[in-house]
Amino acid sequence: MPDIAITRTAHPKTPPADDSLAFGKVFTDHMFLLNYDEGQGWHDPRIVPYGPFTLDPACCVLHYGQAIFDGLKAFRGADGQIRLFRLRDHARRVNRSGHYLCIPEIDPEMIEESIRKLVEVDQNWVPSKPGTALYIRPTVIATETFLGVHPSHSYLYYVIVGPVGAYYKEGMNPVRILATDKYVRAVQGGMGAAKTAGNYAASLFGAEQAAKEGYTQVLWLDGVHHKYLDEVGTMNIMLKIGDEVITPPLNGSILAGITRDSTLTLLRDWGLRVSERPVSIDEVIAAAKAEDLEMWGTGTAAVISPVGELGYKGERYVINGGRTGALTQKLYDTIVGIQYGTLPDKFGWTTTLGNRREG
Ligand code: COI
């Protein structure tokens, strides 16, 4: 693996106060860049001062959306240590997403190293207030200049990072979500399982309509029957009915969330009955009416996010009295505890900066 060249900025900025942080508004002093050219492969890994790119107006990512990204976080624990959460899994997912969009594979070691090194260079930006983190956004864009529709022959992999607070304005308070049978995010056989720009573009119009009705997010249903839960777009969805915890299976139309995986691992470790199975909106509504429903979302940005209200076909269903459920709270506390190093990391999910091994 080639060494990463580092050029430090001559004009470092002052990081904002921890209690002023929103999500994804502020970026640090540096970014990581790696180029791909056909015949040469991935080359020239480097950390440079953060700044804008110059792209040709005919650059193919701007026209055909050949772009992928990922999102992970670094946390500063009460012990002052910086921990990256599930670095290896996020690095692997970059390549899985890339596969859907014909993007050449990047050495996963290079992805991990790019993130470790950038966080190390900008470590004074990692906030320490509980609920804050340094959000890390590895991204790949196609950079060739042409207008024919085909995979690009050149790419840019880059990583930007920035301190963040809660993703939703509600924080850890329950969010309201609208299940739509009108709009569709993705279908099986498409690219719903890839973290690609197009999936987020596809979610914008439906999300705007939901926001007009006072909902925080859309709960996407499957694209064929408009009946089975898919995901929320910014998070995977989970629910508890009776003693069964249910989440939609990885059927190709939803993202294989890493917080989803962490949550399932914890639930199974606690001995709960966990099913990855199709769950229909009718089953969810029947459970809401019977007041036997707890529902939450899982995501890197969203962490564990309780759902307090579900809208569907003009009706509103209050979930768990509009309050955070006991299991939701336990999951949140456990994941956050591992991330900040206040609970033991028995699954080896964290990478402490300066320590090359997970766990
Ligand atoms: C994440 O949870 O990291 C995401 O990418 C979701 C959203 C911010 C796009």
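The following exercises, each with a worked solution, introduce the structure shown above.

The model is predicted, so that local features need pLDDT of at least 70 and side-chain atom pairs count only at pLDDT 80 or more, while totals for chains, interfaces and linings use all residues. Residues are numbered from 1 along each chain as its sequence is written, and side-chain values use heavy atoms, with hydrogens and water left out.

**Exercise 1. The chain as a whole**

Task: Determine how many helices and strands the chain has, and how its radius of gyration stands against the globule rule.

Solution.

Step 1. Helices (H or I, at least four residues) and strands (E, at least two) are DSSP runs, numbered from the N terminus. By this count the chain has seven helices and 17 strands.

Step 2. The radius of gyration is taken over C-alpha atoms, and the globule rule is 2.2 Å times the number of residues to the power 0.38. The chain has a radius of gyration of 21 Å, close to the 21 Å that the rule gives for 359 residues, so the chain is as compact as a globular protein of that length.

Step 3. Along the principal axes, the C-alpha atoms fill a box of roughly 60 × 55 × 35 Å.

Step 4. Contact means heavy atoms within 4.5 Å. Of the contacts in the chain with a separation of 6 or more, 70% are between residues 24 or more positions apart.

**Exercise 2. Surface and charge**

Task: State what share of the residues is buried, what area the chain exposes, and how far apart the mean positions of the charges are.

Solution.

Step 1. Buried means under 20% relative accessible area, exposed over 50%, and partly exposed in between (1.4 Å probe, protein chains only). Of the 359 residues, 52% count as buried.

Step 2. Accessible areas come from the Shrake-Rupley method with a 1.4 Å probe; for residues, only the protein chains shown count as cover. The chain exposes about 15600 Å², of which carbon and sulfur atoms supply 51%.

Step 3. Lys and Arg count as positive and Asp and Glu as negative, while His and the chain ends are not counted; the place of a charge is NZ of Lys, CZ of Arg, CG of Asp or CD of Glu. There are 36 positive and 41 negative charges, and their mean positions are 3 Å apart.

**Exercise 3. The nonpolar cores**

Task: Identify the residues with the most contacts inside the largest nonpolar core, and the strand that gives the most to this core.

Solution.

Step 1. A nonpolar core is a set of buried Ala, Val, Leu, Ile, Met, Phe, Trp, Tyr and Cys residues joined through side-chain atoms within 4.5 Å. In soluble globular proteins, nonpolar side chains tend to be buried together.

Step 2. The largest core has 47 residues, and Phe32, Ile115, Val119, Ile136 and Tyr157 have the most contacts inside it. Strand β8 (residues 154–164) gives the most to this core, with seven residues.

Step 3. Apart from this core lies another, of 27 residues, among them Val175, Ile285, Ala288 and Leu310.

**Exercise 4. Two residues of strand β8**

Task: Describe the surroundings of tyrosine 157 and of valine 164.

Solution.

Step 1. Tyrosine 157 is in strand β8 and is buried, with a relative accessible area of 0%. Not counting residues up to four places away in sequence, tyrosine 157 touches several residues, including Phe32, Trp42, Ile111, Ile115 and Pro138. Proline 138 is 19 residues from tyrosine 157 along the chain, and their C-alpha atoms are separated by 7.2 Å.

Step 2. Valine 164 also has its place in strand β8 and is buried at 2% relative accessible area. Beyond its neighbours within four places in sequence, valine 164 is in contact with residues including Leu21, Phe23, Lys73, Ala133 and Tyr135. Valine 164 and phenylalanine 32 are 132 residues apart in sequence and 19 Å apart in space, C-alpha to C-alpha.

**Exercise 5. Two residues with positive phi**

Task: Decide whether arginine 86 and lysine 313 are buried or exposed.

Solution.

Step 1. Arginine 86 lies in the loop between β6 (82–85) and α2 (87–100). Its phi is near 55 degrees, a positive value in a residue other than glycine. With a relative accessible area of 6%, arginine 86 is buried.

Step 2. Lysine 313 lies in the loop between β15 (303–312) and β16 (315–318). The phi of lysine 313 is also positive, about 50 degrees, although the residue is not a glycine. Lysine 313 counts as exposed, at 58% relative accessibility.
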